[in-house]
Amino acid sequence: MSSTKPIIGISTNEIINFGGRQVSHSTGLRYVNAVSKFSNAIPILIPSYIKGKDLDLLLKKVDGVVLTGGRANVEPHHFGGNPFPPDEPIDVGRDEIVLEMIPKCVSLGIPIFGICRGIQEMNVAYGGTLHYRVHLLDDKNDHRMPRGDDVTVEQIFKLKHRIDFVKNGYFSKLLTKDSCLVNSLHGQAIDIIANNLKIEALSDDGIIEAVSIPDHPSFAIGVQWHAEYEPEKNELNRCLFAEFGSACSIFSNKKGVLIHLRLPWLKAYSFHMTVPSWSDAVSPNQSHERYYDMYAVLNALLCTTVYY
């Protein structure tokens with residue numbers, strides 16, 4: 001088995017800098033640190049606007065995906081909602097790549113960890129809908145973070161409300177508890193849950209706080225709170241990143257085992273195919289290059305198998 005660390009792709013948000021003169025794709029350092037330290041993995045950032053075959057090629061290189069929070073909300077036309085007001089921040093590129101990427105990850109068995117906006121993207125990707133502004137609903141609390149220039153990071157990320165785990169669900173087994181306290185920084189939330197998703201936790205006012213994808217062969221968990229904040233001090237967040245990292249490592253090792261098992265056959269087959277075509281005029285160096293060219297082609301063709 002492979003002894004290398006898994007590579008985990010982290011979704012990014014489109015940020016406009018320098019008065020509109022530069023557009024960047026970035027994510028918070030907390031996500032990078034959590035993946036590196038508590039998932040024991042190598043984090044890389046996934047820029048927006050990668051589509052189709054390019055996205056397929058990218059996903060072959062990663063062993064897990066983190067869907068981060070973001071300033072912009074998922075645009076409502078993706079789930080049949082009412083249009084946003086003109087001043088609502090949007091992130092067209094992120095909507096496009098992530099909503100395409102989630103079903104691909106599930107079909108490939110790539111572990112997924114959705115956080116805040118990420119859980120909402122998981123729901124929308126499979127046909128679910130979202131509440132636009134939870135705090136305007138009659139029977140719901142205000143789940144948004146405190147605002148103002150004098151608000152501290154500690155105040156923003158403080159534990160705000162209780163969530164209750166579904167009996168015999170993923171979280172109750174993970175912590176052997178029935179409930180936990182979490183932070184809360186979101187304006188939107190899941191409304192109608194997609195058929196492909198399972199509710200794993202609810203807030204005390206009935207907001208869906210965690211989901212899983214039962215059809216996924218490995219780790220596919222979405223949470224509404226910001227689990228990347230201080231996992232070193234929070235048992236729930238620490239366990240989530242550790243479990244996610246373990247799933248990514250197993251997925252990476254499976255790929256390594258399949259490639260390793262194919263190598264002896266590929267060497268023999270490529271050698272058999274290329275040797276008869278070599279002429280006496282071909283130098284040893286050229287023969288060596290042609291041998292490994294054929295070897296690489298065959299390896300690439302056969303390693304497109306879905307891993308289970």
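This short presentation covers strand S5, the nonpolar cores and the largest pocket of the structure above.

The model is predicted, so local features need pLDDT of at least 70 and side-chain atom pairs count only at pLDDT 80 or more, while totals for chains, interfaces and linings use all residues. Residues are numbered from 1 along each chain as its sequence is written, and side-chain values use heavy atoms, with hydrogens and water left out.

I begin with strand S5, residues 64-67; strands here are DSSP E runs of at least two residues, and helices are H or I runs of at least four, numbered from the N terminus. S5 runs parallel to strand S1 (residues 7-11), joined by three bridges, and two strands pair if DSSP finds at least two bridges between them. Within that pairing, Gly9 has Val65 as its bridge partner. Three bridges also join S5 to strand S6 (residues 112-115), again in parallel, and there Val66 stands opposite Phe113. Both faces of S5 are covered: Gly64 and Val66 on one side, Val65 and Leu67 on the other, are all buried, meaning under 20% relative accessible area with a 1.4 Å probe, protein chains only.

Turning to the interior, the largest nonpolar core has 31 residues, and Val65 and Leu67 are among those with the most contacts inside it. Such a core is a set of buried Ala, Val, Leu, Ile, Met, Phe, Trp, Tyr and Cys residues joined through side-chain atoms within 4.5 Å. Helix H3 (92-108) is among the contributing elements and gives the largest share, seven residues. A second, separate core of 29 residues includes Ala34 and Ala247.Finally, the largest pocket is lined by 33 residues; a pocket is an open set of 1 Å grid points where a 1.4 Å probe fits, with protein on both sides within 12 Å along at least five of seven lines, and lining residues have an atom within 4 Å of a point.

Conventions
Buried < 20%, exposed > 50% of the residue type's maximum accessible area, 1.4 Å probe, protein only.
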